[in-house]
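Tutor: Let's go through this one term by term, and I'll set each value against its cut-off. Ready to have a look?

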Amino acid sequence: MARQDDERAMAEALSGIGANIPSAEDIVVQFVQGNPNASLEDIASLIQSTGADLGKVANTFGIPMAEAQRAFD
């Protein structure tokens with residue numbers, strides 16, 4: 001039982017780690033909101049470097065996926 005209790009305590013302790021780390025999509029959205037004149041190249045580069053999901057970012061801004069994909073390509 002002691003091992004299960006230790007594992008449970010460890011899982012609970014680790015569950016809070018990373019809670020305040022923004023997702024890749026949040027990083028891109030915050031960048032776009034903070035830099036309204038950012039170029040499509042800058043945004044695409046950030047999406048690629050962070051590994052953000054293009055569809056989720058596009059959805060956040062209400063951009064159709066086909067249009068977002070054209071801009072990303």
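Student: Which helices does the cover over the buried residues of α3 include?

Tutor: It includes α2 (24-34), α4 (54-61) and α5 (65-72). Contact here means heavy atoms within 4.5 Å. Before we go on: this is a predicted model, where local features need pLDDT of at least 70 and side-chain atom pairs count only at pLDDT 80 or more, while totals for chains, interfaces and linings use all residues. Residues are numbered from 1 along each chain as its sequence is written, and side-chain values use heavy atoms, with hydrogens and water left out.

Student: What makes a stretch count as a helix or a strand?

Tutor: Both are DSSP runs numbered from the N terminus: H or I over at least four residues for a helix, E over at least two for a strand. On that basis the protein chain has 5 helices and 0 strands, so the order from the N terminus on reads α-α-α-α-α.

Student: Which residues of α3 are called buried?

Tutor: In α3, residues 40-50, they are Ile43, Ala44, Leu46 and Ile47. Buried means under 20% relative accessible area, exposed means over 50%, and partly exposed is in between (1.4 Å probe, protein chains only). Across the protein chain, 21% of the 73 residues count as buried.

Student: Why is Ser49 called exposed?

Tutor: Ser49 has a relative accessible area of 59%, so the exposed label applies. Ser49 sits in helix α3, on the face turned away from the buried side, which also carries Glu41 and Gln48. The C-alpha atoms of Ser49 and Ala24 are 9.1 Å apart, with their positions 25 residues apart along the chain.

Student: Back to the buried set in α2: how do you know that those residues share a side of the helix?

Tutor: In α2 the buried residues are Ala24, Glu25, Val28, Val29 and Val32. They cover an arc of only 135° around the axis, so they are on the same side of α2. The arc is taken from the directions from the helix axis to the C-beta atoms. In general, an α-helix has 3.6 residues a turn, so residues three or four places apart point the same way. The face of α2 turned away from its buried side carries the exposed Gln33 and Gly34. α3 and α4 are among what covers the buried residues of α2.

Student: What makes α2 and α3 antiparallel, roughly speaking?

Tutor: Their axes come within 9 Å and cross at roughly 160°. Angles run from 0 to 180 degrees between N-to-C directions, and axes are lines fitted to C-alpha atoms, for helices over the stretch in contact. The classes are: under 35 degrees roughly parallel, over 145 roughly antiparallel, 65 to 115 roughly perpendicular, the rest oblique. So α2 is roughly antiparallel to α3. The contact uses Ala24, Ile27, Val28, Phe31 and Val32 of α2, with Asp42, Ile43, Leu46, Ile47 and Thr50 of α3.

Student: How do those contact residues divide?

Tutor: Into 8 nonpolar, 1 polar and 1 charged. Ala, Val, Leu, Ile, Met, Phe, Trp, Tyr, Cys and Pro count as nonpolar, Asp, Glu, Lys and Arg as charged, and the others, Gly among them, as polar.

Student: And why are α2 and α4 called oblique?

Tutor: They pack at an angle of about 40°, with their axes 9 Å apart, and therefore come out as oblique. Glu25, Val28, Val29, Val32 and Gln33 of α2 meet Lys56, Val57, Thr60 and Phe61 of α4. That set divides into 5 nonpolar, 2 polar and 2 charged.

Student: What about α4 and α5: what makes them oblique?

Tutor: These axes come within 9 Å and cross at roughly 120°, so α4 and α5 are oblique too. Leu54, Gly55 and Ala58 of α4 make the contact with Met65, Ala68, Gln69 and Phe72 of α5. Here the split is 5 nonpolar, 2 polar and no charged.

Student: Which hand does the crossing of α4 and α5 have?

Tutor: α4 passes α5 in a right-handed crossing. A crossing is left-handed if the near helix is turned anticlockwise from the far one by less than a right angle, and right-handed if clockwise. α2 also passes α3 in a right-handed crossing, and α2 passes α4 in a right-handed crossing.
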